[in-house]
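Here is a friendly walk through one protein model, from its sheets to its helix contacts and a pair of rings. Please keep the viewer open as you read.

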Amino acid sequence: MKNKQKENRIIGTYIYPSFANKNKIYKIKAVLLEYRKTAAAIAKLQWKNFYTKGQFDKNMNIKSLQSRLTERYKQTCQWQVVSILEGFISNIQQEFAKIVFSSNLPEKTKRILLFLNSRKEWLIKKNKKAVWYENNEKTEYEITQEERLLSKKIFKHILSKWNKPRFRNISMMLDSKVAIAEENRKSKTFDKWIKISTLERNKPVFIPLKNNTYAEAVDGEFLNFYQIEVKENKLTVRLIKELKKKEYEPMIPEIAIDLGLDPLFATDKGDLIGKQFLTFLTKMDEKITRRMAYLQKNGIKPSQDTMYNKMVKNLREFLKNEINRFLNHIVELYRPARIVVEKLDFRSPELSKRLNRLIQQFGKRYITEKLKRLNELYGIEIVEVNPAYTSQQCSKCGYVDKDNRKSTHEFECKACRYKINAQINGARNILNRRSIEDIKIHTPKKQVLKILIEQYLERHKGCNSAPLEVLSSNPYFSEFLDTLPIPLECDKCL
Ligand SMILES: [Zn+2]
């Protein structure tokens, strides 16, 4: 695991202001349109390869593929297509594992399916036997036809639910075969030039760039990759840098974070961070909702409205900045070796459906990205735990009750009367959750509840327990009441 992390490259992508006239932009746009068409055609061929040979092939011969792109461009395009498709497949792989883990299949079948999944062997037979090691002992097992069919079925099930990557809106990831950036030493007007090949052979365009001072200062090395995009006749050029890992000396073993919106983060140490977050979102929500009403009245699609798009873009940038800022703050303040979070899911009843959807979609992605970056840069371990009942359980005595949570902010335990901010309570439960072995990330909610209740009853036998009238009015405990001796047996007081 450690070694694997070292191999992972940390990549930063930075916009460099570019200055291209209409004519140059027109030429690049022509490339981009052809590039997207070609990408879609290549993807078709790649899927064919995948279905017949079980894998994509970035060096596939595509000379006969009709395209106005030069052969070099086609090859660059193919590499990008394959890397997108492989990313998609690796998401399927994760989903597959999730489904298998949370299924009721026999342990052995799970093993076989996970073996096939780890080798992406869903469609095409590659290995006769499944092999795995447990406590240094090797187990071999001949895979049956039924197991293969089941694996294929799960794979196809996921594939049918998900949209395959489309290429009609991609930006180009150009390598040195077709693009190169160089320092401009001849004049002081610009810092760099980027030379980009066009559809016409030997007629590249040269585009002046201004340095992105932040990107120039970041510790790392530029790669010969350029992300090129033209949107509404505006050209965006991004340079890509491989970043260096940072020295990091942890001060505490771990910190747990509860994600909410009001505030954004709470920690088990008692921090409430991002208190203005919801206020700001509510304001944005009102604006967006008003705009939507206007658009609807006039029969305009939101995606075609510049103002609406700008609002959504602002929202995304706000989310990203705040998330980065607060997570940086937590890392600087505590220097944890490990960050424990719950499976990410945050929404607020105070916001519209649309905004909740946007926050779900982008907030989740930005937090995942940021945590991944913290892991790569500092080696901080990120642990996700099962979120079931973390908001209803008392972090002090372990009692679970829907009524424990009095409001968004207040938590008061019905059993031990402990009062605490609801989100800090959540963060503490998240921390405790990590050490409950039976609760895995995909353990079904019902099972989690059973484990929590059994733990509670075990820990609070007799007079330490909640009063019987509290327990008997709590539907969570209804199945357990008959197992309790009445009056509750207590070693200490009987
Ligand atoms: Zn309690």
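Let us start at a turn. In the hairpin of β8 and β9, 2 residues sit between the strands, and Glu232 adopts a positive phi near 45°. Please keep in mind that this is a predicted model.

**The antiparallel sheet**

The two hairpin strands, β8 (residues 220-231) and β9 (residues 234-243), pair in the antiparallel sense over 9 bridges. Two of the matches can be picked out by name: Tyr226 has Leu239 as its bridge partner in β9, and Ile228 has Val237 as its bridge partner in β9. On another strand, β4 (residues 172-175), 4 bridges lead to β8, and the two run antiparallel. There, Leu174 is matched with Tyr226 of β8. Tyr226 is thus a bridge partner of Leu174 and also has Leu239 as a partner.

How many strands does the sheet hold, and in which order? It is an open sheet of 4 strands, ordered β1-β9-β8-β4, with antiparallel pairing. β1 (11-16) and β4 are the edge strands, each pairing on one side only. On average, neighbouring strands of this sheet are turned by 30° against each other, direction ignored. As a general reminder for viewing, side chains in a regular strand alternate between the two faces of the sheet.

**The mixed sheet and its helices**

A second part of the model is an open sheet of 5 strands in the order β12-β11-β10-β13-β14, and its pairing is mixed. At the edges stand β12 (272-273) and β14 (381-385); each has a single partner strand, so one side of each is left without a neighbour in the sheet. β12 is joined to β11 (residues 265-267) by 2 bridges, with the strands running antiparallel. In one of these matches, Phe265 has Ile273 in β12 as its bridge partner.

Helix α8 (residues 306-334) packs on this sheet and touches β10 (252-259), β11, β12 and β13 (336-342), with a direction about 155° from that of β10. Helix α10 (residues 422-433) packs on the sheet as well, touching β10, β11, β12, β13 and β14, and its direction makes about 130° with that of β10.

For a view of the sheet at the level of a single residue, try Arg338, which lies in strand β13. Arg338 and Ile380 are 42 residues apart in sequence, yet their C-alpha atoms are 5.3 Å apart in space. Leaving aside residues up to four places away in sequence, Arg338 touches Pro253, Glu254, Ile255, Ile380, Glu381, Val383 and Arg434.

**Two helix pairs**

The table sets out the geometry of two helix contacts.

| Helix pair | Angle | Axis distance |
|---|---|---|
| α8 and α9 (residues 353-378) | about 40° | 9 Å |
| α4 (residues 107-118) and α5 (residues 145-161) | roughly 60° | within 10 Å |

α8 and α9 pack at an angle of about 40°. That angle makes α8 oblique to α9. The crossing of α8 and α9 is right-handed. Among the residues that meet here are Leu315, Leu319, Ile323 and Leu327 in α8 and Leu355, Leu358, Phe362 and Tyr366 in α9. By class, the contact of α8 with α9 has 15 nonpolar, 3 polar and 5 charged residues.

What about α4 and α5? With their axes crossing at roughly 60°, α4 and α5 are therefore oblique to each other. The crossing of α4 and α5 is right-handed. From α4, Thr109, Ile112, Leu113 and Leu116 meet Glu147, Arg148, Leu150, Ser151 and Ile154 in α5. The residues of this contact divide into 5 nonpolar, 2 polar and 2 charged.

**A pair of rings**

How many aromatic pairs does the structure hold? There are 24 aromatic pairs. One of them is formed by Tyr399 and Tyr456; this pair is tilted, at 5.3 Å centre to centre and 55° between the planes. Which parts of the chain does this pair tie together? Tyr399 lies in the loop between β14 and β15 (410-412), while Tyr456 is in helix α11 (residues 445-459), so the pair links parts that are 57 residues apart in sequence.

Conventions:
Residues are numbered from 1 along each chain as its sequence is written. This is a predicted model: local features need pLDDT of at least 70, side-chain atom pairs count only at pLDDT 80 or more; totals for chains, interfaces and linings use all residues. Side-chain values use heavy atoms; hydrogens and water are left out. Two strands pair if DSSP finds at least two bridges between them. Contact means heavy atoms within 4.5 Å. Axes are lines fitted to C-alpha atoms, for helices over the stretch in contact, and angles run from 0 to 180 degrees between N-to-C directions. Angles under 35 degrees count as roughly parallel, over 145 as roughly antiparallel, 65 to 115 as roughly perpendicular and the rest as oblique. A crossing is left-handed if the near helix is turned anticlockwise from the far one by less than a right angle, and right-handed if clockwise. Ala, Val, Leu, Ile, Met, Phe, Trp, Tyr, Cys and Pro count as nonpolar, Asp, Glu, Lys and Arg as charged, and the others, Gly among them, as polar. Rings of Phe, Tyr and Trp (its six-membered ring) pair if their centres lie within 6.5 Å; planes under 30 degrees apart count as stacked, over 60 as edge-to-face and the rest as tilted.
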